[in-house]
Amino acid sequence: MKISADHDVCIGAGMCALNAPQVFDQSEDDGTVVLLDPEPPQELEQQVRRAVQMCPSGALKLQE
Amino acid sequence: MTKAMPRPDAVTLPITRQTPFDPPGELGRWRDEAPLRRLAYPDGHLGWLATGYDAVRAVLGDPRFSNRVEIAHVPLRQMMVARDILRFPPGMFLRMDPPEHTRYRRLLTGQFTVRRMRLLEPRIEAIVADRLAEMAAAGPPADLVPAYALPIPSLVICELLGVPYRDHERFQRDSATLLALERSEKEKLAAFDDLFGYLGDLVRHKRDEPGDDLLSGLAASGELSHAELTGVALLLLVAGHETTANMIALGTFTLLRHPGQLAAVRDEPGVAERAVEELLRYLTIVQFGPTRTATEDVEIEGRTIRAGETVTLALAAANRDPARFDRPDELDVRRPVAAHLAFGHGVHQCLGQQLARTELRVALPALLRRFPGLRLAVPYDEVPMRTDMNIYGVHRLPVTW
């Protein structure tokens, strides 16, 4: 499972940091996504999928 | 001048609710027939109404739809005054598109992150504890709106922005006037001018004597003109208390009608978080919009929305779409968390949503724990509902314990 995050698209809603805090954080400056782990372990799959699904801006992409 | 013949299949936006906790019944019936239908707007425009979850989400997430106020048609005659007032002040980034919108939003998003809200949580708990102590000292009965639901988010947003809470009667009255449906243009303009003037003075003061708050930080950054900063302050102040206040009061009312679920929120650790999401979904208090206007022809769910046509997004109907949620018309505080649309979707999704979540997650269980015998002090059908406001809720919630 690989994740990519697009900072230009991100609006800093924080749904990723809320749902999968081990994988995503938000920048102190503008709240946009900070990818802590671009290849998260399988046991976080459900949280990561929820984060991607709930992202309002489409900034997160999941590559299987 | 001849008027276009009304389309026989076009409907007008329903506003009458049959029950206090459900959106107007037509919305759900229409959604179950088709996710999009033609909507007749009061200015004569023939636009659209989206009721299906996928359709609403698709429109809100599509950059070919604009949120600019000057090209929008409004679905209710009563909302036309507010639209005209919102047209002129700078800094109203809610009704702008990227990249202008992005510039404003990026200045603010760092202040509303999940981490910032966790740091703020002890302060929210202290504010909640103060209100509970005051309610207990005053004794039952009480109106939950002024005693609890309104002051908590109002105090929190005041501290965050650096607005003196001692002025709350003034700005709460102004913001209520701005969000009411049946007010004259004169009344709304007076409320707007009063609030804009008040915040303009405050922002000027922040430039001279900055404090440790959001408006002082923005003033010091030099990124925004005086008028822009005043507009941003107005947007955040109004958005920051009307919405959460109504979720606290209406959420409490809803739980009082579901005693088993109320007990779960009160007694079972971990339920509060899911309950907040479920109440947001089930109640969806933004009741007459939002809208988006197509800037080019766009195909959504098999229908072509032409450039210039406005779509009204029925968030409440989308959040009860059986294609997306099991038993959508039932409240279930243990429901697995799913992507509801109560905060909207796309680039305009609520900036303060993590603040609202934190406030609700703290305030609802704390109230139920402090007053385990909490109950309505009037028959439930006598609770006055906010059917006349842009944000749904209760005008008053008489409770006893």
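A salt bridge here is a side-chain nitrogen of Lys or Arg sitting within 4 Å of a carboxyl oxygen of Asp or Glu. By that rule, the count over all chains comes to 28 salt bridges. The model is a predicted one, and what follows looks at how chain B meets chain A, then at a few spots inside chain B.

Take first a salt bridge within chain B. Glu309(B) and Arg38(B) pair through their side chains, with 3.1 Å from N to O. Arg38(B) belongs to strand S1 (residues 36-40), while Glu309(B) is in the loop between strand S7 (303-305) and strand S8 (310-313), so this pair ties together parts of chain B that are 271 residues apart in sequence. As a general point, side chains of opposite charge can pair when their charged atoms come close.

Now for the interface. On the chain B side, 22 residues are in contact with 23 residues of chain A. Put together, the two chains bury about 1,800 Å² between them, and 43% of that is on carbon and sulfur atoms. Within chain B, the residues that lose the most area to chain A are Arg106(B), Val114(B) and Arg115(B), which together make up 30% of what that side buries.

Salt bridges turn up here too: three of them run between chain B and chain A. One pairing across the interface joins the side chains of Glu28(A) and Arg116(B) in a salt bridge, at 3.9 Å from N to O. Polar contacts between the two chains, counted where both residues have pLDDT 80 or more, come to 13 residue pairs. As for which parts of chain B do the touching, helix H2 (53-60), helix H4 (100-109), helix H5 (114-138) and helix H15 (353-370) each supply at least two residues. H5(B) provides the largest share of that side, four residues. Sorted by character, the residues of chain B that touch chain A split into six nonpolar, eight polar and eight charged.

Inside chain B, there is a helix crossing to look at. Helix H8 (residues 168-179) and helix H11 (residues 226-256) of chain B have axes that come within 10 Å and cross at roughly 85°. That angle makes H8(B) roughly perpendicular to H11(B). From H8(B), the contact uses Phe171(B), Gln172(B), Ser175(B), Ala176(B) and Leu179(B), and from H11(B) it uses Leu237(B), Val238(B), His241(B) and Glu242(B). Those residues divide into five nonpolar, three polar and one charged.

Last come some backbone details of chain B. The peptide bond from Pro140(B) to Pro141(B) is cis, with omega near -5°, and Pro141(B) is found in the loop between H5 and strand S4 (142-143). Another cis peptide bond leads from Gly289(B) to Pro290(B), with omega near 0°. Pro290(B) sits in the loop between helix H13 (271-283) and strand S5 (291-294) of chain B. Then there is Glu301(B), which has a positive phi of about 50° although it is not a glycine. Glu301(B) is in the loop that runs between strand S6 (298-300) and S7 of chain B.

Notes: Residues numbered from 1 in each chain as written. Chains lettered and ligands numbered in written order. Predicted model: local features only at pLDDT ≥ 70, side-chain atom pairs only at ≥ 80, totals over all residues. Heavy atoms only, no water. Contact = heavy atoms within 4.5 Å. Buried area = accessible area lost by both parts, 1.4 Å probe. Polar contact = N/O pair within 3.5 Å; in protein donor to acceptor, adjacent residues only side chain to side chain. Nonpolar A, V, L, I, M, F, W, Y, C, P; charged D, E, K, R; others polar. Axes fitted to C-alpha atoms, helices over the stretch in contact; angles between N-to-C directions. Parallel < 35°, antiparallel > 145°, perpendicular 65-115°, else oblique.
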